[in-house]
Amino acid sequence: MSGFLEQSQVRVVNASAGSGKTYALSKRFVQILLVTSQQTPQSLKHILAITFTNKAATQMKERIISLIKRIALCELTPEAVQDILVPISLSPSQASQAAGIVMEDIIRYYHYFNVSTIDSFMNSLLAGCAFKIDLSARFKIKKNSGEYLLLSLDRLIDRAHQEPAVRVLFERFITQYLFLENRGNWFPKEDLLQVLKSLFKQNNTYQMPLLTFAATDKDIFLLKGRLIDLTACLLPLLPSNTDKRFSNALKDFINEHPTSFDVDGLSRYFARPEIPVKAKTEVPEACEKIWQDIRDVLNQIVLCEAYAVFNPYVDLFDRVMGCLSDIQIKEDILFLEQLNKKAGELFANDRVSVAEVYYRLATRFDHYLIDEFQDTAQAQWQNIKPLVEEALAHGGSLFYVGDKKQAIYGFRGGKSLLFDQLPSELSAFKLGHDTLSTNYRSSRFVVEF
């Protein structure tokens, strides 16, 4: 086995659509099993394969078992012998004997047959270290986070009449909602809840704190009032030969927006760098100065809104998360979206070591195989990276497969660039690259297209 792994501890496989990714992973899994079974009792428990969906995990298990059965019964074709057995220096008879041992291990220790999704693995990891994150070992995974966010928001609303600080947060939100966002919904809680759900998802996907910015809703409100006043001052100073459409647009703006306005609803005339007048008409210096001030203030408004539009939402989100945390501790639950973030907290601030993780899992993994790596999120990789590095440092291996062209999960944190970055991160170990370019799934015409 050492010779087999010494070729490359880290193996990167670029696999185009229909080129046999599942087969490549299954073959690698079987090759590791065949050799380690002769050296290590219950070698099955030391291999972890991570797939993207439960369906893919099931298919991969079926492929592995089918392949082992064919090897045990000496039913491999000559081409398969060359592909599977020659690289690990086993003859068909030697492989048949090893496959028999492996098949018996799978039957007797099926619970050690570790082919699962990343979420399933994170769940196992957290279950073993639950007390480190204020949960019991029997915590339950919930998928209906939206219902609990609504309950937490309702509880926070109930506290508003007793706690001035909470009431101020809601007042700030209502002020922005009505006067800055210019939204007239009589029941803004629904809109607030949708934003809270989005922030909850982003917070757990990227595992970064949500920041507020120095600009406040009051600053924006004052700037908008200044722009309205400047426009009102400009109107009577405009030359008589000013473009009527321009002056009418300014008049309509003043009449329709006595206190505030929505930037998106502004007339396109506010984008003019200069006041539009007829040819050979001289614009008074005072008009030019006021118009430049209007444009400067408008630029400040746009920047402040871009930075501060989520400030009230973020402040409310932090409070709602406090209510949600209390409910989670009381009911001993964790939401599916939180799995990776909570797993990240285990390794943060030395809460748990890799050795302790293996102790609590009652096993250790020496070999990692990862499917669809182009859709793996940075946070997910950071959670398993310490385990992978520890395995590599002790002679283990990492085998990952993917195709950057098929990256479709960027919206949930998937980072296709990670596919190319990983070799440099793990450059201290022996690297190898393979490319699967033959499409076995599609017809010739589709491939040619």
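# A guided tour from the cavity outward

Begin with the enclosed space: there is 1 cavity of 30 Å³ or more, a cavity being, on a 1 Å grid over the protein atoms alone, a set of points where a 1.4 Å probe fits but cannot get out. This is a predicted model, in which local features need pLDDT of at least 70 and side-chain atom pairs count only at pLDDT 80 or more, while totals for chains, interfaces and linings use all residues. Residues are numbered from 1 along each chain as its sequence is written, and side-chain values use heavy atoms, with hydrogens and water left out.

**Colour by confidence**

Colour the model by pLDDT, the predictor's confidence in each residue, from 0 to 100; the mean for the protein is 87, and 96% of its residues reach 70 or more. Confidence is lowest in helix H1 (residues 2–6), with a mean of 54, and highest in helix H7 (residues 145–159), at 96. The helices (H or I, at least four residues) and strands (E, at least two) named on this tour are DSSP runs, numbered from the N terminus.

**The cavity and its lining**

Next select Ile50, Thr51, Phe52, Ile118, Ile370, Asp371, Glu372, Thr376, Gln380 and Ile384, which line the largest cavity; lining residues have an atom within 4 Å of a point. Strand S2 (47–51) and helix H16 (378–393) are the elements that give two or more residues to this lining. The space inside is about 80 Å³, where grid points are joined across faces, edges and corners and a volume is the space filled by probe spheres set on the points. By character the lining divides into 5 nonpolar, 3 polar and 2 charged residues, with Ala, Val, Leu, Ile, Met, Phe, Trp, Tyr, Cys and Pro counted as nonpolar, Asp, Glu, Lys and Arg as charged, and the others, Gly among them, as polar.

**Glu372 and Lys21**

Stay on Glu372, which lies in the loop between strand S6 (367–370) and H16 and has a positive phi, near 50 degrees, although this residue is not a glycine. Most residues other than glycine have a negative phi. At 19% relative accessibility Glu372 counts as buried, where buried means under 20% relative accessible area, exposed over 50%, and partly exposed in between (1.4 Å probe, protein chains only).

Then select Lys21, found in helix H2 and also buried, at 12% relative accessibility. Leaving aside neighbours within four places in sequence, Lys21 is in contact (heavy atoms within 4.5 Å) with Ala15, Asp371, Glu372, Val401, Gln406 and Leu436.

For a second positive phi, move to Ser89, in the loop between helix H4 (78–85) and helix H5 (92–108), where phi is about 60 degrees. Ser89 is exposed, with a relative accessible area of 63%.

**The nonpolar cores**

Now display the largest nonpolar core, meaning a set of buried Ala, Val, Leu, Ile, Met, Phe, Trp, Tyr and Cys residues joined through side-chain atoms within 4.5 Å. This core has 41 residues, and those with the most contacts inside it are Tyr368, Trp381, Leu398 and Tyr400. H16 gives the most to this core, with 6 residues. Centre on Tyr400, whose contacts, apart from neighbours within four places in sequence, are Val10, Arg11, Val12, Val13, Ile370, Phe373, Phe419, Leu422 and Pro423. Another core lies apart from this one and has 36 residues, among them Ala57, Met60, Leu90 and Phe399.

**Helix H14**

Select helix H14 (residues 339–347), where 7 of the 9 residues are buried, so the helix is largely enclosed by the rest of the structure. The buried residues are Leu339, Asn340, Lys342, Ala343, Gly344, Leu346 and Phe347. Their cover includes helix H6 (118–128), strand S4 (140–142), strand S5 (333–335), helix H15 (354–361) and H16.

**Three further stops**

Go to Val297 in helix H12 (residues 285–308), which is buried at 4% relative accessibility. Val297 and Lys224 are 73 residues apart in sequence and 8.0 Å apart in space, C-alpha to C-alpha. Beyond four places in sequence, Val297 is in contact with Leu223, Arg226, Leu227 and Leu230.

In helix H8 (residues 164–180), pick out Thr175, which is partly exposed at 33% relative accessibility. Not counting residues up to four places away in sequence, Thr175 touches Leu180 and Asp217.

Finish at Gln42, in the loop between helix H2 (21–36) and S2, where the relative accessible area is 25% and the residue is partly exposed. Gln42 touches Asp105, Tyr109 and Tyr112, again not counting residues up to four places away in sequence. To see a long separation, draw a C-alpha to C-alpha line from Gln42 to Asp264: the two are 222 residues apart in sequence and 65 Å apart in space.

Methods
1 Å grid on protein atoms, 1.4 Å probe; cavity = no way out; pocket = protein on both sides within 12 Å on 5 of 7 lines; lining within 4 Å.
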